[in-house]
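Subject: Structure for you to look over

Dear colleague,

I am handing over the structure we spoke about, with the sequence alongside. Please open it first, and then read my notes below with the model in view.

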Amino acid sequence: MKKWLAGLFGFLVVALAVAQILAREKTSAGGGSHEALFWEKAEGGKVKCLLCPRLCVLPEGQFGVCRARKNVGGVLKSMVYGQVVSANVDPIEKKPFYHVLPGTKAFSIATTGCNLRCLFCQNWQISQVFPHDLSSTPMTPDAVVGAAVKSGSRSIAFTYNEPVIFYEYMLDVAQLARKQGLKTVVVSSGYINPEPLRKLLKHIDAFKVDFKGYDEEFYLQVVGGTLDPVLESMKVIRQEGVWLEVVNLMVPGKNDSEKQIRELVRWVRRNLGDETPLQFSRFYPIYKLQNLPPTPEETLLKARQMARQEGLKYVYTGNIADREGATTYAPKSGEAVIERQGYFVTANRLNKGVTPGGERIPGIWE
Ligand code: SF4
């Protein structure tokens, strides 16, 4: 059997086991009700949340924009702590991380809620609802880490919905995970304030930011947020020395002009460095943008070419069949060192991050 087919079969077996655990423990209880971090009291029994740039001020009984945090009796509570609505064992390439433990499994969890409103959200069924709208599986941090170890995963991924909004849960799981020798990886839009981000990063090995576009108007109109906090977050991640990869989903006619791509690429190179992996990912019509076509393949190929011409060393394409765009090349020799097919690694010629020709490729390799 081909190596990647065997890998796929392995993932299916483990996924089935995880689905069985979740099905057994599913409850209709919504809400973890765990006191939140990063908030302060405001006038008249209100509370002010300091976790993300929205800085919601909430009267008694009200949820924040994220639908995950709520004023309960003058105290800000996370209503999603430990309430898992999705748990899967995924290839880490699916996150996508291309420079983190290639070919390994990532135990991936999500709750409900999000602090953004992307019109192209791929997980809107869980991100745009309240905790009481969906049944969930209560999982303590211990249970998550135990399940991750049992599944043979090398990492825990906080993903699918926006992990920033289950901050306290993520923090507790991440601390335990590291004690068990697991890596911790976050897949996020980066819409978080610097202080909580710095605290979180002490327990995180790798961060993937969905950089929606270097375009304030796009953030306002299509994402439902603002650009500057995301730029700041990426700089903070870099400053704190946590491994960072960036993905840009290219939405036709919205964020895929030559100007927008060039500005994004130049910002990444200038502020994050030319060794930052950047992936251009294909959009498919979904949620509130079903009227748009999928991203033309030429757009993705052109964006990758432009980013390479601008000096980025590790540029990928995603969600399309593009052998070159799925391969990691050593920048000096040009040798292909990691090859992928879909979410599976078909060849890995690195030895502890070093190519056969002696070049060191940045990332987390063991
Ligand atoms: S995390 Fe939620 S409650 Fe807090 S400021 Fe952001 S959207 Fe508002």
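How are α4 and α5 oriented to each other, roughly parallel or roughly antiparallel? Please bear in mind throughout that this is a predicted model. Helix α4 and helix α5, the latter spanning residues 194-201, pack with their axes 10 Å apart and at an angle of about 20 degrees. Because angles under 35 degrees count as roughly parallel, α4 and α5 are roughly parallel to each other, and their crossing is left-handed.

Helix α4 (residues 167-179) also meets helix α3 (residues 141-150), and here the axes come within 9 Å and cross at roughly 50 degrees. That angle falls in none of the parallel, antiparallel or perpendicular ranges, and α3 and α4 are therefore oblique to each other. In this pair, α3 passes α4 in a right-handed crossing, whereas the crossing of α4 and α5 is left-handed.

Turning to the ligand, I found that it sits in the largest cavity. The residues that surround the ligand are C49, L51, C52, R54, L55, C56, G64, V65, C66, R69 and N115, and this shell divides into seven nonpolar, two polar and two charged residues.

Two points of backbone geometry also deserve your attention. Most residues other than glycine have a negative phi, and most peptide bonds are trans. F38, however, which is not a glycine, has a positive phi, near 60 degrees, and its place is in the loop between β1 (34-35) and β2 (39-41). The peptide bond that joins K95 and P96 is cis, with omega at about -5 degrees, and P96 lies in the loop between β8 (86-91) and β9 (105-110).

With best wishes

How values were computed. Residues are numbered from 1 along each chain as its sequence is written. This is a predicted model: local features need pLDDT of at least 70, side-chain atom pairs count only at pLDDT 80 or more; totals for chains, interfaces and linings use all residues. Side-chain values use heavy atoms; hydrogens and water are left out. A residue is near a molecule or strand if one of its heavy atoms lies within 4 Å of it. On a 1 Å grid over the protein atoms alone, a cavity is a set of points where a 1.4 Å probe fits but cannot get out, and a pocket is an open set with protein on both sides within 12 Å along at least five of seven lines; lining residues have an atom within 4 Å of a point. A molecule sits in a cavity or pocket if more than half of its atoms lie within 2 Å of its grid points. Ala, Val, Leu, Ile, Met, Phe, Trp, Tyr, Cys and Pro count as nonpolar, Asp, Glu, Lys and Arg as charged, and the others, Gly among them, as polar. Axes are lines fitted to C-alpha atoms, for helices over the stretch in contact, and angles run from 0 to 180 degrees between N-to-C directions. Helices (H or I, at least four residues) and strands (E, at least two) are DSSP runs, numbered from the N terminus. Angles under 35 degrees count as roughly parallel, over 145 as roughly antiparallel, 65 to 115 as roughly perpendicular and the rest as oblique. A crossing is left-handed if the near helix is turned anticlockwise from the far one by less than a right angle, and right-handed if clockwise.
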